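Here are my notes on the model you sent over. I've kept them informal and grouped them by region, so you can click through as you read.

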Amino acid sequence: MDTNSELQIKDVGDILTALPTINEDATYWMVRANQGEYYNDFVMSQYVGIGYDEISLNEAKNQTKEHLSQIFHDRKPRDNNGRPIPSGTYTSWIGQLKRFSSEIRPGDYILVPSAGSDHFSLGIVIGEPFEISDTQLQEINDTPVEGRKKSPYKKRIKVQFIRSFNRSEADPALYKMIYTQTTVSKIDKYAPFILRAVFDAYVSGEKVYLTFPVTKKEDIDARPYTSFLYNLTESYIALAPDSNPIIKSNVQSAGVVQLVLGLSSMTGLFGLVWVCLKSKVGFTIDVKLGKEKFKFKKEDSGIIAQRIAKDRSEQNINEQRAHDEHIQKLVKLANEANMPMEEIQALVSSELKNAVKKAAIPDDKSENNHQE
């Protein structure tokens, strides 16, 4: 985008609409791919699977745990080394079969780890569990694909994988999850850390989660860091004085600062200003907020805001003036946060930048109608 670029945004709420939306009521599961052996097959073929072929999917769904235990005793009394299988092992297998066949539902999220749990892929369940026949499995495995070892699993669930991340990028809180060795496990308590690793901005329920990655690897000086946090929160409160924003910080040179805000048009405007502020070049944004229009301009010294003039009735002047003061305070605090933000090498969410692009009214006259 060149220095003369201009965006028009009809409704700042469109910015929030363009962000990824996460179902706050969904359940999160981790399904292991035989120590990562079938990780590529799961992700590339868009499914997850499980073994335990001694029990059919229909039996797993409809039989009691006690009956399933007896079936296992009858059909697989010994392990591959000829040793008797303990009852506790059957109990563990049955629990995983029950979770896979009856508890995982469409709309739930599934996380799959690679070998060594170095990489993770997150997907959303898009179908009910199903079971393929021996013939179907043979046909699938008779078609080799380079770089992928196909799984022998007949019990499967279709999953649309949406994002991947490296363990090095994730919160250390996920390490406890990694050490869980069961094939299928519920991981709801790790959902906030997973989502923060996958999306640097998203909407869930009535909240917006905005992450500011801090990329500085050396020690971070306390004063610019605390100044950034202060101005970050106060700039939003300037827009919404009755709000109660929440900050979650995990900065260990490098790390992240996450701001949790209420879902409102004010949040969209707040995000827009921060995207404007961190653009590498100057530009102008015309934006509509409610019934009023504002122009935000990026200049060398920061950003400025001005109301786009129009006729007003006398009774609304004081209310409009108060609204303008909120906007100006937001801009002032955001500008003041820019210097410490540079010192700690903090960035604005890439998801938020993309959402601003999507919210802009297309301009056929300009090939550069986008944000850097």
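The points below go through the sheets, the helices that touch them, the pockets and one single residue.

1. Before anything else: this is a predicted model. Please read each number below with that in mind.

2. Let's start with the five-stranded sheet. It is open, its strands come in the order β2-β10-β11-β13-β12, and the pairing is mixed. The edge positions go to β2 (21–22) and β12 (246–251), and each has a single partner strand, so one side of each has no neighbour in the sheet.

3. How is β12 joined to β13? The two strands run antiparallel, with six bridges between β12 and β13 (residues 255–262). If you want a pair to click on, take I247, whose bridge partner in β13 is L259. Helix α9 (residues 222–239) packs on this sheet, where it touches β11 (207–214), β12 and β13. The direction of α9 makes about 15° with that of β13.

4. Now the other open sheet, which has four strands in the order β1-β14-β15-β16, again listed with mixed pairing. Here β1 (6–9) and β16 are the edge strands; each has a single partner, so one side of each is left without a neighbour in the sheet. On average, neighbouring strands of this sheet are turned by 20° against each other, direction ignored.

5. Two antiparallel pairings in that sheet are easy to follow. Strand β14 (residues 284–289) pairs with β15 over six bridges, in the antiparallel sense, and V287 has F294 in β15 as its bridge partner. Moving along, β15 (residues 292–299) pairs with β16 (residues 302–307), also antiparallel and over six bridges. K297 stands opposite I304 in β16. How many residues lie between β15 and β16 in their hairpin? There are two.

6. Helix α10 deserves a look from both sides. On the sheet side, α10 lies across β1, β14, β15 and β16, and it runs at about 175° to β14. As for its helix partner, the axes of α10 (residues 265–277) and α12 (residues 350–359) come within 10 Å and cross at roughly 105°. That crossing angle makes α10 roughly perpendicular to α12.

7. Which residues bring α10 and α12 together? From α10 there are G271, L272 and V275, and these meet L352, K353 and V356 of α12. By class, the residues of this contact split into four nonpolar, one polar and one charged.

8. On to the pockets, in case you are thinking about a grid. The largest pocket holds about 540 Å³ of space. It has 21 lining residues, and S168, E169, A170, G255 and V256 are the closest to its centre. The elements that each give two or more residues to the lining are β8 (155–166), α8 (191–198), β11 and β13. The lining of the largest pocket divides into 11 nonpolar, six polar and four charged residues.

9. The second largest pocket comes out at about 290 Å³. Which of its 14 lining residues lie nearest the centre? They are R32, N34, Q35, Q181 and T183. The lining of this second pocket breaks down into four nonpolar, nine polar and one charged residue.

10. Last, a single residue to check: V43, which sits in helix α2 (residues 39–45). Apart from neighbours within four places in sequence, V43 is in contact with S121 and F161. T89 is another matter: V43 and T89 are 46 residues apart in sequence, and their C-alpha atoms are 29 Å apart in space.

Technical notes. Residues numbered from 1 in each chain as written. Predicted model: local features only at pLDDT ≥ 70, side-chain atom pairs only at ≥ 80, totals over all residues. Heavy atoms only, no water. Axes fitted to C-alpha atoms, helices over the stretch in contact; angles between N-to-C directions. Parallel < 35°, antiparallel > 145°, perpendicular 65-115°, else oblique. Contact = heavy atoms within 4.5 Å. Nonpolar A, V, L, I, M, F, W, Y, C, P; charged D, E, K, R; others polar. Pairing = 2+ DSSP bridges. 1 Å grid on protein atoms, 1.4 Å probe; cavity = no way out; pocket = protein on both sides within 12 Å on 5 of 7 lines; lining within 4 Å. Points joined across faces, edges and corners; volume = space filled by probe spheres on them.
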